[in-house]
Amino acid sequence: MAEAHQAVAFQFTVTPDGVDFRLSREALKHIYLSGINSWKKRLIRIKNGILRGVYPGSPTSWLVVVMATVGSSYCNVDISKGLVCYIQRHLPEGYGPYQTPQTRALVSMAIFSTGVWMTGIFFFRQTLKLLLSYHGWMFEMHGQTSRLTKVWAYLESVRPLLDDKKYHRMETLAKEFQDKLAPRLQKYLVFKSWWATNYVSDWWEEYIYLRGRTPLMVNSNYYAMDFVLIRNTDVQAARLGNIVHAMITYRRKLDREDIKPVMALGIVPMCSYQMERMFNTTRIPGKETDVLQHLPESRHVAVYHKGRFFKLWVYEGSRLLKPRDLELQFQRILDDPSPPQPGEEKLAALTAGGRVEWAQARQTFFSSGKNKAALDAIERAAFFVALDEESHCYDPENEASLSLYGKALLHGNCYNRWFDKSFTLVAFKNGQLGLNTEHSWADAPIIGHLWEFALGTDVFHLGYTETGHCLGKPNLMLPPPQRLQWDIPERCQAVIESSYQVARALADDVELYCFQFFPFGKGLIKKCRTSPDAFVQIALQLAHFRDRGKFCLTYEASMTRLFREGRTETVRSCTSESTAFVQAMVQGSHTKADLQNLFRKASEKHQNMYRLAMTGAGIDRHLFCLYVVSKYLGVSSPFLAEVLSEPWRLSTSQTAQFQIQMFDPNKYPNHLGAGGGFGPVADDGYGVSYMIAGENTIFFHISSKFSSSETNAQRFGNHIRQALLDIADLFQVSKANR
């Protein structure tokens, strides 16, 4: 096999005359280039480490300080106030480099200048830290914020959901907790905040994600869609060639720390820590808890097609394969006629089923031999690529097409995605793409950053020929992708089938309704003088009340990346103000002026809560950490137990967009992704993801379960449509202005 020959750097034969060595120059060349590339990366990281260590200083600023000191000395001005002379007197005597007075003076001035430079860096850093720690700018011109404690803020959030009797009971539990147990638990959290970089994120990752024993598919993983209004090529392998090349280019920028941080309001940088584990990362199953395995480097991707697994190298020596070469490699996989090995076709169903079952199977059947080698090739890959045989795309004339596209990305056929990988790049037969992303390593805006870069690079920097192929000529001498070899016994095949049945039942129970809302987008909402996110969230409250006849605990994710290693906080969108507006709308007896006033109060409340969440003044992560401490101490709290057990029957999230300015959306209005979605959090609830896609449209992804008689995703979607129109009509914005 060609790949086997490539792997051999030299061969030798023992003869009567001695040992005859036959060196492979090509193989040695690749080894040499690979080593050069590795050392380049090390040197770049060392350089970046030095520059990061002296930030906001720089070698240039150090040189300026030295030159200023030396220049003032030659002008007979002692800006050091005698410190240079003091340093010069205490330099060691000898016949070395300090033997002349001029040299000793220069060395003394360099030492003094370095001290001044480092002192300046220290004060600059402290000033910058104070500036970035100030979050009051988010509240300026928005009134004073409440200074209630987290416990009483929680009571305020559940007041519209509880009758008087239940509320007074919860109030009693809260007061008892705040007076007795809370101070003790809080001391431990304060101590952790002194010691740890972030007092929430590590526990959040471990207890919310890694210790979960239910299937990742639907319950945890989420998906992202391609550009849906344009198509540049129908060639599956060509599309992958460009996108995989763009993704590895992004990884190289990430390794070299060349990616600029996302800025809040274009001013304040947000933490980029989550990006570190974007590539070369796999969630390894365990019986009690999973572990995230992250490697510093990976030079291949794992590929699945028609029940077969392949290892595809993305480098030739130290050179990243060009898009046309990658297209060739993917086409070779598509053209490979070999059948799956016994047990291979549905193998990935293990990652879609229960975590305990997968951990046991991994230990029993994949801990040695060719199975371990093949599994390592998947788990040590940069990411996973799934080549699907079916086609999906969005047709605005066929609304169901978007929902079918979303279902294919969310769970596929339950065995053609490796749900443990940091992300799976899904390529459909018609060249449409998408992502299925594991959630524990990062939140959606992080993978969204990569996805924006890849899609923008594909369209605006790489491009295609007139026939839809990648630009350039392929290198036909490249060895073909390596087929992974398995030896899967019948016992293991039975476990695979069992996991598949669990996953199949879960996938069949998911109802997903995705649609594009055409009447208006961000443009009209701004004319209503309100936040687009608040507008949609209040519309969701109105739609849910019309759908279910009651209010429910509502979750909206807000990022906390203004803090180091921050992840998310919960915005409790169902407030007393929003419920008052909804009830007034449903009653139908209020004037438009009254309804507008109630809406504005609800909107201002929501925006204020969102700001509080972003600036670390939210409720839920703090209470979650207090609960973890109580478990460590072995003490029970009826209040915390009840808070943490409440179901989120309406779980919502807005998809971030335009994090990278790859193109002007006003100039290219059809270059829109449709966002992405996730499964329902509660069995009798809804999951709602939405993307306010530019000035004129909004995409919604609504999930629920067929097994619940109380929910219906399409029915809820219709209520959302009507709620958005009803609220817009309150402000009497004419259609000509929409």
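## Helix α8, its surroundings and the aromatic pairs

The charged end of K192 sits over the ring of W203, with 3.4 Å to the ring centre. This value, like the others in this report, comes from a predicted model. A second arrangement of this kind involves R159, whose charged end sits over the ring of Y167 at 4.4 Å from its centre.

K192 belongs to the buried residues of helix α8, together with A182, L185 and L189. Seen down the axis of α8, these buried residues fall within an arc of 90 degrees, so they line one face of the helix. An α-helix has 3.6 residues a turn, so residues three or four places apart point the same way. The face of α8 turned away from the buried side carries K187, F191, W194 and W195, which are exposed. Two of the residues there that are exposed are thus tryptophans, W194 and W195. Helix α8 covers residues 182–195; at 1.5 Å a residue its 14 residues should span 20 Å, and the end C-alpha atoms are 20 Å apart, which agrees.

The buried residues of α8 pack against four helices: α7 (164–179), α9 (201–210), α21 and α22 (638–645). Within α21, which comprises residues 620–633, lies C625. C625 counts as buried because its relative accessibility is 0%. Beyond its neighbours within four places in sequence, C625 is in contact with L189, Y199, V200 and W203. L189 is one of the buried residues of α8, and W203 carries the charged end of K192 over its ring. C625 also lies 9.2 Å from Q186, C-alpha to C-alpha, although 439 residues separate C625 and Q186 in sequence.

C414 is likewise buried, at 0% relative accessibility, and C470 counts as buried at 1%. A search of the whole structure finds 0 disulfides. A disulfide is a covalent bond between the sulfur atoms of two cysteines.

Aromatic pairs number 37 in the whole structure. Two of them are set out below.

| Pair | Centre to centre | Angle between planes | Arrangement |
|---|---|---|---|
| F279 and F383 | 6.2 Å | 55 degrees | tilted |
| Y394 and F699 | 6.3 Å | 80 degrees | edge-to-face |

The pair of F279 and F383 links distant parts of the chain, 104 residues apart. F279 lies in the loop between β5 (268–269) and β6 (281–284), while F383 lies in the loop between α13 (369–379) and β12 (384–387). Both F279 and F383 are buried. The pair of Y394 and F699 ties together parts that are 305 residues apart in sequence, because Y394 lies in the loop between β12 and α14 (400–410) and F699 in strand β22 (residues 698–705). Y394 and F699 are both buried as well. Elsewhere, one aromatic cluster is formed by Y304, F309, W358, F366, F384, W418 and W486.

For the chain in general, the secondary structure amounts to 23 helices and 22 strands. Of the 738 residues in the chain, 52% are buried. Among contacts between residues at least 6 apart in sequence, 77% join residues at least 24 apart. The pairs described above, F279 with F383 and Y394 with F699, are examples of links across the sequence.

Note on methods: Residues numbered from 1 in each chain as written. Predicted model: local features only at pLDDT ≥ 70, side-chain atom pairs only at ≥ 80, totals over all residues. Heavy atoms only, no water. Buried < 20%, exposed > 50% of the residue type's maximum accessible area, 1.4 Å probe, protein only. Contact = heavy atoms within 4.5 Å. Expected span 1.5 Å × (residues − 1). Arc of directions from axis to C-beta. Phe/Tyr/Trp six-rings, centres within 6.5 Å; stacked < 30°, edge-to-face > 60°. Lys NZ or Arg CZ within 6 Å of the ring centre and 35° of its normal. Disulfide = S-S within 2.5 Å.
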